[in-house]
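Biologist: Hi! Could you walk me through this model before I head back to the bench?
Modeller: Happy to, here it is.

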Amino acid sequence: QGPLLRLWWPWRLASLMNGDGYLEQIWRQLRQQQAQLEVLCRQQSELMERSVALYECLEASGTVKAEVFSAQLHRQHFEQVLRRHPCKCCCDSLEALFETREMTLAMAR
């Protein structure tokens, strides 16, 4: 236990025993956060439904091709992975990486 924890616990235990409503406060905050999560889940679900409908309309009209959309989605996912796990090579970009002789040879195999 750290020094702060040793100081905090006796104080908190004393306040719980004094009945200052600490547990009620925590329970109220928990219920509020649960309600907020439920709203966010509903909103996310509605947005997902709308984006699927929009994509299907754009594809049906010929504005968007499934292959192009899939390729773009793949690029975005790949960029997210690179941001989370940056390449530690000497290249500044994916294009520069593909231009290296070693990568060209590896891709050719």
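**Chat about the model**

Modeller: Let's start with Ser-61, which counts as exposed at 52% relative accessibility. Exposed means over 50% relative accessible area, buried under 20% and partly exposed in between, with a 1.4 Å probe and protein chains only.

Biologist: Where is the place of Ser-61?

Modeller: Ser-61 is in helix α2. Helices are DSSP runs of H or I with at least four residues, strands are runs of E with at least two, and both are numbered from the N terminus.

Biologist: What lies 3.0 Å from the side chain of Ser-61?

Modeller: A polar atom of that side chain lies 3.0 Å from the backbone oxygen of Leu-58. Just after α2 comes Gly-62, with a positive phi near 85°.

Biologist: Before I go on, how was all this worked out?

Modeller: This is a predicted model, where local features need pLDDT of at least 70, side-chain atom pairs count only at pLDDT 80 or more, and totals for chains, interfaces and linings use all residues. Residues are numbered from 1 along each chain as its sequence is written, and side-chain values use heavy atoms, leaving out hydrogens and water.

Biologist: OK, what pLDDT does the chain average?

Modeller: The average is 80, and 62% of the residues score at least 70; pLDDT is the predictor's confidence in each residue, from 0 to 100. Among the elements, helix α2 (residues 22-61) has the highest mean, 93, and helix α1 (residues 3-17) the lowest, 57.

Biologist: How many residues does α2 have, and how far does it reach?

Modeller: α2 has 40 residues and reaches 58 Å from its first C-alpha to its last, close to the 58 Å expected at 1.5 Å a residue. The expected span is 1.5 Å times one less than the number of residues.

Biologist: New topic: how many aromatic pairs are there?

Modeller: The count is one aromatic pair. Tyr-55 and Phe-69 form it, tilted, at 4.3 Å centre to centre with 40° between the planes. Tyr-55 lies in helix α2 and Phe-69 in helix α3 (residues 66-84), so the pair ties together parts 14 residues apart in sequence. The rule takes rings of Phe, Tyr and Trp (its six-membered ring) with centres within 6.5 Å; planes under 30 degrees apart are stacked, over 60 edge-to-face, and the rest tilted.

Biologist: Is Phe-69 buried or exposed?

Modeller: In between: Phe-69 is partly exposed, with a relative accessible area of 36%. Across the chain, buried residues make up 6% of the 109 residues.

Terms used:
Polar contact = N/O pair within 3.5 Å; in protein donor to acceptor, adjacent residues only side chain to side chain.
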